[in-house]
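Visitor: Could you pick out one part of this protein and take me through it up close? I'd like to hear how it sits in the whole.

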Amino acid sequence: MTTQSPPPASTEKKILDAALKKFAEKGFSASTESITKEAGVSTGILFHYYKTKNDLIIALYADFYLEYLQGTRQLRKAIDTVEPEEFAAIHRQAFFEGVNWCLDNWDKFQYIQLVEGSLLLNKFRLEDDARFKEMFAAIMEVLQMGVERALFNPLPPEFIMSNIYAITNSVAKYLHENEKYRHDPDFMEQTWNIYWGAAAK
């Protein structure tokens with residue numbers, strides 16, 4: 001019986017999984033050879049999908065960051081139908097979904113932090129990626145809506161986003177090191193108050 005080659009999607013996933021493992025172990029000094037060996041594919045196959053190692057690094061980052069932002073996409077879908085008093089409740093849900101994603105996908109979250117702490121993003125414009133363009137447009141629309149409804153401070157949406165993103169990351173890092181607080185409703189409520197206070201009036 002002839003063994004069929006795995007479909008391309010399966011091959012690419014093997015490469016991405018292997019890259020995450022090797023980058024976690026060695027940082028971005030991990031060689032493409034070590035990644036292909038871990039994935040069980042040839043170097044030629046890797047470069048069929050990604051022209052350079054930097055392209056691979058950014059592709060992995062993009063996939064994880066879009067996973068992280070899924071709660072925001074759901075937020076955008078719901079926001080048009082809510083009354084002003086429900087606005088905070090929907091944001092609250094998105095905030096906790098973001099924190100929980102970081103905690104439940106710690107290796108991916110750490111990878112996002114690793115890339116953002118490097119200089120690689122200077123060479124990659126997220127807004128030029130069609131997937132990011134759609135996602136960020138949705139985020140900016142939600143934040144602008146909050147400003148227009150006088151629910152948020154009259155600040156640029158980009159500034160509000162940078163603040164709440166930093167708070168979400170900070171909360172996730174603290175809870176990772178102090179797991180008991182993740183199940184403390186009073187503590188979690190206080191984290192939400194800090195997050196909401198960074199944007200709301």
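Guide: Let's start with a term: a polar contact is a pair of N or O atoms within 3.5 Å, where, within protein, one must be able to donate a hydrogen and the other to accept it, and residues adjacent in sequence count only if both atoms are side-chain atoms. Bear in mind that this is a predicted model, where local features need pLDDT of at least 70 and side-chain atom pairs count only at pLDDT 80 or more, while totals for chains, interfaces and linings use all residues. Residues are numbered from 1 along each chain as its sequence is written, and side-chain values use heavy atoms, with hydrogens and water left out.

The protein has ten helices and zero strands, counting DSSP runs numbered from the N terminus (helices: H or I, at least four residues; strands: E, at least two). Our part is helix α10, residues 185-197. At its N-terminal end, D184 acts as a cap, with a side-chain oxygen 3.0 Å from the backbone nitrogen of D186. At 1.5 Å a residue, the 13 residues of α10 should span 18 Å, and the end C-alpha atoms are indeed 18 Å apart; the expected span is 1.5 Å times one less than the number of residues.

Now for its two sides. M188, T191, W192, Y195 and W196 are the buried residues of α10, buried being under 20% relative accessible area and exposed over 50% (1.4 Å probe, protein chains only). Down the axis of α10, these buried residues fall within an arc of 135°, so they line one face of the helix; the arc is taken from the directions from the helix axis to the C-beta atoms. On the other side, D186 and I194 are exposed. Across the protein's 201 residues, 44% are buried.
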